[in-house]
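User: Please take one part of this structure and go through it closely for somebody who has not met it before. After that, set the part in its wider surroundings.

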Amino acid sequence: QVQLVESGGGLVQAGGSLRLSCAASGRTFSTYAMGWFRQAPGKEREFVAAISWSGGNTYYTDSVKGRFTISRDNAKNTVYLQMNSLKPEDTAVYFCAADLWPRRAVVTTRPDQYAYWGQGTQVTVSS
């Protein structure tokens, strides 16, 4: 059974920074792409960022490009999301997720292509 545990959320003022972490266990972490998604109250869950299994490819939704950075440390079975220049519209519950298939050549943004999800961590950005 795969377990994903997010941490690092909190309350921050607009323009501030947070770093989210997602610790994985129960599967060969290094062979799977990882993604971050977020869900604001009353809205659909949306893709934020993803990183390939090797770490060589990353992909971001347009609204966070230049502000967020996804990275991974396969030795620690952990994926990170560094969030800078935060805006009130970034307020949401952030979820990490593990890809459905190992060593996928293309990073996917589709939630239904991620097999395992963490419980989420709340990020609140005040104006």
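Analyst: Strands, like helices, are runs assigned by DSSP and numbered from the N terminus, where a strand (E) needs at least two residues and a helix (H or I) at least four. What you see is a predicted model, in which local features need pLDDT of at least 70 and side-chain atom pairs count only at pLDDT 80 or more, while totals for chains, interfaces and linings use all residues. Residues are numbered from 1 along each chain as its sequence is written, and side-chain values use heavy atoms, with hydrogens and water left out.

The part chosen here is an open sheet of four strands, which lie in the order β1-β3-β8-β7 with antiparallel pairing; two strands count as paired if DSSP finds at least two bridges between them. At its edges are β1, covering residues 3-7, and β7, covering 68-73, each of which pairs on one side only. From one strand to the next the twist averages 15°, an angle taken between the N-to-C directions of axes fitted to C-alpha atoms (for helices over the stretch in contact) and running from 0 to 180 degrees. As a general point, the strands of a sheet pair through backbone hydrogen bonds, either parallel or antiparallel.

Start at the edge strand β1, which has a covered face made of Leu4 and Glu6 and an uncovered face made of Gln3, Val5 and Ser7. Five bridges join β1 to β3 (residues 18-25), and these two strands run antiparallel; within that pairing, Glu6 has Cys22 of β3 as its bridge partner. At the other edge, β7 is joined by six bridges to β8 (residues 78-83), again in antiparallel fashion, and here Ile70 has Leu81 of β8 as its bridge partner.

Leu81 also leads out of the sheet, since it is one of the residues in contact with Val48, counted after leaving aside neighbours of Val48 within four places in sequence; contact means heavy atoms within 4.5 Å. Val48 belongs to strand β5, residues 46-51, and with a relative accessible area of 0% it is buried, a term used for values under 20%, whereas exposed means over 50% and partly exposed lies in between (1.4 Å probe, protein chains only). Its other contacts include Trp36, Phe37, Tyr59, Tyr60, Phe68 and Tyr94.

Arg38 is on the contact list of Val48 as well, and it brings in the charged pairs. A salt bridge is a side-chain nitrogen of Lys or Arg within 4 Å of a carboxyl oxygen of Asp or Glu, and by this rule the count comes to six. Arg38, buried at a relative accessible area of 6%, meets Glu46 in a salt bridge with N to O at 2.6 Å, while Glu46 itself is partly exposed at 35%. Arg38 also forms a salt bridge with Asp90, the closest N and O atoms being 2.9 Å apart. That second pair links distant parts of the chain, with Arg38 in β4 (residues 32-39) and Asp90 in the loop between β8 and β9 (92-102), 52 residues apart. Asp90 counts as buried at 1% relative accessibility. Elsewhere, Asp112 and Arg110 meet in a salt bridge of 2.8 Å, N to O, and both count as partly exposed, at 48% for Asp112 and 45% for Arg110. Salt bridges that share partners join Arg38, Glu46, Arg67 and Asp90 into one network.

The loop between β8 and β9 also holds Ser85, which is partly exposed at 40% and has a positive phi near 50° although it is not glycine. Arg103, in the loop between β9 and β10 (114-117), likewise has a positive phi near 50°, and Arg103 is exposed at 52%. Most residues other than glycine have a negative phi.

Finally, the sheet belongs to a chain with zero helices and eleven strands. The radius of gyration of that chain is 13 Å, close to the 14 Å that the globule rule gives for 127 residues, so it is as compact as a globular protein of that length; the radius is taken over C-alpha atoms, and the rule is 2.2 Å times the number of residues to the power 0.38. Buried residues make up 43% of the 127, and among contacts between residues at least 6 apart in sequence, 59% join residues at least 24 apart.
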